[in-house]
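Biologist: Could you walk me through this one, taking the helices before the sheet?
Modeller: Gladly, and please keep in mind that we are looking at a predicted model.

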Amino acid sequence: MPRDPAKAKLLRSRGLQVTAQRLAVMRAVQARPHCTADEVAERVRAEIGTISRQAVYDALGILADRGLIRRIQPAGSPALYEDRVGDNHHHVICRSCGKTVDVDCAVGAMPCLTPSDAAGYRIDEAEVIFWGTCPECLAAAPPPDHD
C-alpha cells in the first residue's frame with residue numbers, strides 16, 4: 001500500500017500508475033508551492049534517493065497534463081509548480097527576490113474569463129500575474145535619496 005493513499009487515489013482517478021516517484025513529486029510540490037523543477041528534484045532525492053532530472057521533468061509534465069498540479073511560467077523565470085488546481089487564482093511575484101504568492105480573483109466568479117474580444121476562442125482559463133515588490137524587499141530597500 002502506498003504511503004499516501006489519498007495521492008495514490010488521485011493518480012488512479014486520472015488514469016495514472018502509482019509510482020514512488022510520482023507520489024514524491026506530488027509531496028514535494030505540496031510542501032513548497034511555486035517551486036521550480038530543480039527544487040522538486042532536490043526534495044524528491046532527499047525523500048527517495050536517486051532520481052534523474054528527466055524523471056522529475058517527466059513526472060511534473062504528466063501531473064500537470066492530468067490537472068494534478070499546475071505549471072506557471074512567469075516571464076523571464078523558470079516554470080513554477082503548485083498543487084492548487086481547479087480554481088481561477090492568480091499570482092503576485094516580487095521583482096526583487098522572486099517570491100510568488102497566490103491571489104484570488106478580485107471580483108466575482110472568474111471575471112478574467114471574459115475578454116473584450118475572444119477572437120473566436122472558447123476561453124477556459126485565464127493566467128494573470130501581478131508584478132511588484134514584496135513587503136520584505138520593501139523593508140530592506142534603502143530609503144530614497146532626497147536632494
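Modeller: Let us start with helix H1, which covers residues 5-13, and helix H2, which covers residues 20-31: their axes come within 10 Å and cross at roughly 115°.

Biologist: OK, and how is H1 oriented relative to H2 then, roughly parallel or roughly perpendicular?
Modeller: Angles from 65 to 115 degrees count as roughly perpendicular, so H1 is roughly perpendicular to H2.

Biologist: Is that crossing left-handed or right-handed?
Modeller: The crossing of H1 and H2 is right-handed.

Biologist: Which residues meet there?
Modeller: From H1 there are Lys-7, Ala-8, Leu-10 and Leu-11, and these meet Arg-22, Leu-23, Met-26, Arg-27 and Gln-30 of H2. Sorted by character, the residues of this contact are 5 nonpolar, 1 polar and 3 charged.

Biologist: Switching to the sheet, what's the strand order?
Modeller: The sheet is open and has 3 strands, in the order E4-E3-E5, and its pairing is mixed. Strand E4 (100-103) and strand E5 (129-132) are the edge strands, each of which pairs on one side only.

Biologist: And how much are neighbouring strands turned against each other?
Modeller: On average, neighbouring strands of this sheet are turned by 25° against each other, if direction is ignored.

Biologist: What holds strands together in general, and in which sense do E3 and E4 pair?
Modeller: Strands of a sheet pair through backbone hydrogen bonds, in either a parallel or an antiparallel way. Here strand E3, residues 90-94, pairs with E4 in the antiparallel sense over 4 bridges, and Ile-93 stands opposite Thr-100 in E4.

Notes. Residues numbered from 1 in each chain as written. Predicted model: local features only at pLDDT ≥ 70, side-chain atom pairs only at ≥ 80, totals over all residues. Heavy atoms only, no water. Axes fitted to C-alpha atoms, helices over the stretch in contact; angles between N-to-C directions. Helix = DSSP H or I, 4+ residues; strand = E, 2+ residues; numbered from the N terminus. Parallel < 35°, antiparallel > 145°, perpendicular 65-115°, else oblique. Left-handed = near helix turned anticlockwise from the far one by under 90°. Contact = heavy atoms within 4.5 Å. Nonpolar A, V, L, I, M, F, W, Y, C, P; charged D, E, K, R; others polar. Pairing = 2+ DSSP bridges.
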